[in-house]
Protein chains: 2
Amino acid sequence: MASTWVPGVTGDSPFSLANIPFGIITTQFDPAPRAAIAIGSYALDLKALSDSKDLTKLASSLKGHDSVFSQPTLNAFAALGRPVHREVRKVIQEILSAETSHPDVLKNDKELQEKALIPQGKFKTHLPMSIGDYTDFYAGYHHAYAVGVMFRGPANALQPNYTHLPVGYHGRSSSIVVSGTPIRRPVGQILLDSTAEPKQPSTAPSRRLDIELELGCFIAKPNELGTSISIEDAEEHIFGYVMLNDWSARDIQTWEYVPLGPFNGKNFASTISPWVVLADALEPFRTKGIENKTPLQDYLKESKADTAFDIELEIDLTTSEGDTTTISTTSSKNLMWSFPQMIAHHSLGGCPMRTGDLLGSGTISGTGARERGSLLEMSEGGKKDIMLHGMDVRRFLKDGDTVGIRGVCGKPGERVGFGDCVGRIYSAVQN
Amino acid sequence: MASTWVPGVTGDSPFSLANIPFGIITTQFDPAPRAAIAIGSYALDLKALSDSKDLTKLASSLKGHDSVFSQPTLNAFAALGRPVHREVRKVIQEILSAETSHPDVLKNDKELQEKALIPQGKFKTHLPMSIGDYTDFYAGYHHAYAVGVMFRGPANALQPNYTHLPVGYHGRSSSIVVSGTPIRRPVGQILLDSTAEPKQPSTAPSRRLDIELELGCFIAKPNELGTSISIEDAEEHIFGYVMLNDWSARDIQTWEYVPLGPFNGKNFASTISPWVVLADALEPFRTKGIENKTPLQDYLKESKADTAFDIELEIDLTTSEGDTTTISTTSSKNLMWSFPQMIAHHSLGGCPMRTGDLLGSGTISGTGARERGSLLEMSEGGKKDIMLHGMDVRRFLKDGDTVGIRGVCGKPGERVGFGDCVGRIYSAVQN
């Protein structure tokens with residue numbers, strides 16, 4: 001992979017020339033949300049670039065679609081399909097390459113650079129997509145098993161359906177927020193004494209506020225009501241990926257979730273990273289997921305073996321005193337179900353996927369003590385302290401804590417990463 | 001209530017002058033979706049009416065919002081809030097009244113009538129709202145109890161949380177369709193032999209395709225992330241109501257639903273009636289719901305006693321031979337939780353409700369054998385035949401069956417009803 005002429009792109013930057021993730025930005029001088037890509041610490045304003053007509057000249061598949069980058073979400077661009085995303089990413093890589101054969105487009109055009117190449121601190125990122133429906137799966141086998149042991153013991157940790165289908169539930173799209181959005185500790189019904197009979201709930205701020213480390217997948221190509229997406233076609237329906245923190249209030253969830261599943265324990269907020277890493281950018285990092293020995297139904301059988309991605313994942317917890325501890329390090333290969341399997345299953349009965357719909361992988365955990373994707377697991381159900389720097393400990397989140405999750409693949413200088421997926425906890429408001 | 005000068009409004013019409021429900025229509029000569037109200041068998045085109053400027057002259061709160069009726073959904077109108085809905089409804093009632101004091105607006109303006117008053121058969125109805133999130137509650141006590149007995153026996157029929165909070169789950173908004181849309185029988189994973197161990201699913205068309213008779217509630221006024229809606233304010237957040245048939249595939253649901261709730265068993269289709277009955281139109285039909293003897297948390301306590309509506313509900317099943325049987329008759333008062341309670345609970349932790357969000361009541365059943373809101377209950381878990389006219393029987397739906405649900409209140413000539421909420425079953429497509 002060539003290097004870029006854009007200044008200050010360090011070896012560790014998640015936004016190397018090998019990446020080119022897409023997002024939505026605003027600036028002080030142009031408050032209209034519009035599309036951009038991230039390169040090093042800069043955002044490249046795609047509206048400015050396509051206004052100059054050079055982008056559509058080089059990326060012929062964009063012809064007639066000049067306006068997609070002037071819109072406040074990436075949905076219109078996503079809807080153009082993967083061949084278009086592929087061409088546009090390649091053209092942008094070419095324009096930004098140190099050895100570009102089109103230096104006039106941007107490299108030597110200082111005036112356009114001034115307008116289109118916006119340094120960190122001068123732009124704000126927003127939710128990249130208008131999200132119709134959000135579905136959260138449960139494909140992190142080690143997470144599902146560990147949580148199952150806590151609730152039902154090792155013999156019945158996983159339900160009989162777990163290895164036959166990618167279990168998932170419908171989430172709440174209205175509370176999906178972009179990295180940096182403050183997270184208000186939710187108030188909810190909780191059992192202060194879970195052993196007392198009869199059960200008597202109280203209404204109080206959650207005492208077991210947790211995180212869930214997930215990979216999110218955005219849908220590009222829709223299917224019609226009453227039709228399904230075959231597993232062979234599913235990859236063509238994917239736009240790209242983000243990091244996802246599905247904040248969870250375990251005490252609210254425990255009391256409410258029977259028999260219809262999680263509700264207020266989950267719907268108060270989910271944070272995503274602002275830059276959508278295109279499906280093509282992750283292709284070089286394919287690997288095997290967790291082996292599923294159960295014979296699968298035909299509609300879930302995949303022809304390729306490497307259906308997961310080996311993205312290095314980390315969770316940082318920063319206390320209000322400013323001490324940061326990396327409390328978990330794992331990989332996104334710890335999934336038993338692939339996104340194509342999730343898409344094939346989700347649409348099997350004819351459910352329409354729409355451009356911009358978000359699928360969450362479910363919490364991703366490894367098997368080791370410091371490889372867990374939730375505090376619930378790290379603290380063994382809230383029974384054990386998680387050690388932090390600065391002599392501090394946690395079982396669940398305190399007000400003032402900031403959690404950041406990171407995902408990155410590739411060698412220094414060629415990193416493909418997701419950038420920030422951060423949220424800080426603010427104290428609950430009680431009416 | 002006065003009568004209307006609009007011709008042919010029969011005593012039995014659900015769309016009397018006392019109703020004035022809002023919807024979205026298209027016509028052959030103007031295929032652009034736009035707002036209308038229903039009166040008798042006519043649609044009154046509100047775009048045409050507001051183009052004539054008379055509507056905004058009479059409804060002063062519409063000033064500056066002339067375009068709300070030219071849009072393809074009612075969201076912009078709904079977002080204006082209940083005082084505006086109330087005034088617009090009153091003005092339309094006045095214009096359409098036989099004794100109108102503004103006969104020039106429409107009654108005597110044959111040219112505008114020709115344009116704006118569109119007879120049945122000349123217009124098509126569409127989804128009235130752009131639905132961000134769909135939440136389905138479980139407030140039908142008799143349904144929850146009857147289904148609980150089937151699954152867990154009478155002692156544990158209801159979970160301990162049931163009387164403390166309105167249990168609900170996030171549904172799928174992408175598959176909500178308007179009355180008349182064909183319903184494709186879903187394919188899914190089912191256990192053909194549920195007693196065999198280990199469990200071995202097959203992929204096949206659902207054999208237990210069912211209906212759920214529900215009342216749907218559309219949100220008008222949004223709340224911000226991190227804030228909640230108090231129960232006193234909740235009524236002001238409601239736009240209006242529709243009939244809702246939440247089609248369900250019981251065999252898919254039974255196998256998939258542990259531990260995270262219903263998924264493919266529900267997300268293939270939900271049908272709503274096309275006309276939104278405004279909250280104000282249902283006010284005269286308030287009544288008590290099912291008594292909840294459990295002491296409630298403060299945020300769920302209501303000051304008024306009549307928190308349910310006494311809407312007469314009916315389910316018709318029409319076979320492919322054309323024989324129609326009314327298989328159920330019940331009332332929407334059979335709910336233990338009110339919509340204000342659902343809204344207060346849903347937003348308690350700070351979850352944002354958006355204009356156009358849909359809340360389902362959950363299946364509404366009475367206690368008698370012919371008062372059930374689902375075939376699962378009528379057939380006692382699929383064990384007993386439901387008798388139909390024409391010597392036919394059902395336990396679940398057959399291909400070619402048409403199900404219509406109806407809801408109506410009020411005296412002849414002053415009916416407030418919902419009109420059609422109909423869907424016909426088409427055979428599954430297997431890849």
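**Exercise 1. Prolines in loops**

In which loop of chain B does Pro259(B) lie? Find its place, then describe the peptide bonds of Pro259(B) and Pro198(B).

*Solution.* Bear in mind that this is a predicted model.

- Step 1: Pro259(B) sits in the loop between H7 and strand E16 (270-272) of chain B.
- Step 2: Turn to the bond that joins Val258(B) and Pro259(B); this peptide bond is cis, with omega about -5°.
- Step 3: Now go to Pro198(B), which is placed in the loop between E10 and E11 of chain B. The bond from Glu197(B) to Pro198(B) is cis too, and its omega is near -10°.

**Exercise 2. A backbone angle in chain A**

Work out where Met391(A) is found and what its phi is.

*Solution.*

- Step 1: Follow chain A to the loop between strand E23 (386-387) and strand E24 (393-394), where Met391(A) is found.
- Step 2: Read the backbone angle: Met391(A) is not a glycine, yet its phi is positive, at about 65°.

**Exercise 3. Where the two chains meet**

Describe the interface of chain B and chain A, starting from its extent and ending with the residues on the chain B side.

*Solution.*

- Step 1: Count the participants. Chain A brings 60 residues to the contact, and chain B brings 61 residues.
- Step 2: Choose a way to express size. Accessible area lost when the parts come together is often used for this. For chain B and chain A, the area buried between them is about 5,500 Å², with 56% of it on carbon and sulfur atoms.
- Step 3: Look for charge pairs. There are four salt bridges between chain B and chain A. One of them links the side chains of Asp357(A) and Arg172(B), at 2.6 Å from N to O. A salt bridge here must have its nitrogen within 4 Å of the carboxyl oxygen, so this pair qualifies.
- Step 4: Add the polar contacts, which come to 37 residue pairs across the interface of chain B and chain A, both residues being at pLDDT 80 or more.
- Step 5: Assign the chain B side to its elements. Those giving two or more residues are strands E6 (134-137), E7 (168-170), E10 (187-190) and E11 (202-205), together with helices H7 (250-256) and H9 (339-346).
- Step 6: Sort the chain B residues that touch chain A by class: 28 are polar, 25 nonpolar and eight charged.

**Exercise 4. The largest cavity**

Which residues lie nearest the centre of the largest cavity, and which helix gives the most to its lining?

*Solution.*

- Step 1: Search the whole structure, which yields seven cavities of 30 Å³ or more. The largest cavity has a volume of about 300 Å³.
- Step 2: Inspect its lining of 21 residues. Nearest the centre are Leu260(A) and, from the other chain, Tyr138(B), Val147(B), Arg250(B) and Gln253(B).
- Step 3: Trace the elements of chain B. E6, helix H6 (141-152) and H7 each supply at least two lining residues, and H6(B) gives the most, with four residues.
- Step 4: Classify the lining: ten residues are nonpolar, six charged and five polar.

**Exercise 5. The largest pocket**

Describe the volume and lining of the largest pocket.

*Solution.*

- Step 1: Start with its volume, about 1,100 Å³.
- Step 2: Of the 42 lining residues, Phe151(A), Arg250(A), Gln253(A), Thr254(A) and Tyr257(A) lie nearest the centre.
- Step 3: Strand E6 (134-137), helix H6 (141-152) and helix H7 (250-256) of chain A give two or more residues to this lining.
- Step 4: Finish with the classes, which are 20 nonpolar, eleven polar and eleven charged.

Terms used
Residues are numbered from 1 along each chain as its sequence is written. Chains are lettered from A and ligands numbered from 1 in the order in which they are written. This is a predicted model: local features need pLDDT of at least 70, side-chain atom pairs count only at pLDDT 80 or more; totals for chains, interfaces and linings use all residues. Side-chain values use heavy atoms; hydrogens and water are left out. Contact means heavy atoms within 4.5 Å. Buried area is the accessible area (1.4 Å probe) that two parts lose on being put together, summed over both. A polar contact is a pair of N or O atoms within 3.5 Å; within protein, one must be able to donate a hydrogen and the other to accept it, and residues adjacent in sequence count only if both atoms are side-chain atoms. Ala, Val, Leu, Ile, Met, Phe, Trp, Tyr, Cys and Pro count as nonpolar, Asp, Glu, Lys and Arg as charged, and the others, Gly among them, as polar. On a 1 Å grid over the protein atoms alone, a cavity is a set of points where a 1.4 Å probe fits but cannot get out, and a pocket is an open set with protein on both sides within 12 Å along at least five of seven lines; lining residues have an atom within 4 Å of a point. Grid points are joined across faces, edges and corners, and a volume is the space filled by probe spheres set on the points.
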